[in-house]
Amino acid sequence: MELMINGTNRAVAPDVQTIEQLLESLQLTGKRVIVEWNERILQKEEHGTTVIGDGDTLEIVHFVGGG
């Protein structure tokens with residue numbers, strides 16, 4: 001499956017079907033992220049139930065702490 005993630009086309013394994021699984025595959029599990037899926041900002045509670053499809057567009061922002 002092909003997704004547009006943060007402006008870049010990326011191939012994603014076919015077993016990745018939800019936003020939550022995508023975040024796991026990108027090693028973002030447990031990190032504070034905001035996900036925009038097809039121009040809609042998702043609530044964290046929706047990550048496990050939102051099914052992604054070929055050609056979807058996502059913007060993923062994660063926060064990095066610093067000092």
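The following exchange goes through the terms applied to this predicted model and the values behind them.

Mentor: This is a predicted model, in which local features need pLDDT of at least 70, side-chain atom pairs count only at pLDDT 80 or more, and totals for chains, interfaces and linings use all residues. Residues are numbered from 1 along each chain as its sequence is written, and side-chain values use heavy atoms, with hydrogens and water left out.

Trainee: Why is Ile41 called exposed?

Mentor: Exposed means over 50% relative accessible area, buried means under 20%, and partly exposed lies in between (1.4 Å probe, protein chains only). Ile41 has 54% relative accessibility, so Ile41 counts as exposed. Its place is in strand S4, residues 40–41; strands are DSSP runs of E with at least two residues, helices are runs of H or I with at least four, and both are numbered from the N terminus.

Trainee: What makes Val12 buried and Gly65 exposed?

Mentor: Val12 has a relative accessible area of 10%, and is therefore buried. Val12 sits in the loop between S2 and H1. Gly65 has 72%, and is therefore exposed. Gly65 belongs to the segment after strand S5 (57–62), and its C-alpha is 31 Å from that of Glu2, 63 residues away in sequence.

Trainee: How do you know that Arg40 and Glu46 form a salt bridge?

Mentor: Side chains of opposite charge can pair when their charged atoms come close. The rule asks for a side-chain nitrogen of Lys or Arg within 4 Å of a carboxyl oxygen of Asp or Glu. The N to O distance between Arg40 and Glu46 is 2.5 Å, and the count by this rule is one salt bridge. Arg40 has a relative accessible area of 39%, so Arg40 is partly exposed.

Trainee: What makes Ile34, Ile41, Val61 and Phe63 a nonpolar surface patch?

Mentor: A patch takes residues with over 30% relative accessible area and no salt bridge; nonpolar side chains (Val, Leu, Ile, Met, Phe, Trp, Tyr) are joined within 5 Å, like charges within 9 Å. Those four residues make a patch of about 390 Å², with areas from the Shrake-Rupley method, a 1.4 Å probe and, for residues, only the protein chains shown as cover.

Trainee: Why is the space of about 260 Å³ called a pocket?

Mentor: On a 1 Å grid over the protein atoms alone, a pocket is an open set of points with protein on both sides within 12 Å along at least five of seven lines, whereas in a cavity a 1.4 Å probe fits but cannot get out; lining residues have an atom within 4 Å of a point. The largest pocket holds about 260 Å³. Of its 13 lining residues, Leu23, Gly30, Lys31, Lys44 and His47 are the closest to its centre. Helix H1 (19–25) and strand S3 (33–37) each supply at least two lining residues, and H1 gives the most, with three.

Trainee: What makes the phi of Asn6 and Asn38 worth listing?

Mentor: Most residues other than glycine have a negative phi. Asn6 is not a glycine, yet its phi is positive, about 50°; Asn38 likewise has a positive phi, near 50°. Asn6 is in the loop between strand S1 (2–5) and strand S2 (8–11), and Asn38 in the loop between S3 and S4. With 40%, Asn6 is partly exposed, and Asn38, at 36%, also counts as partly exposed.

Notes: Points joined across faces, edges and corners; volume = space filled by probe spheres on them.
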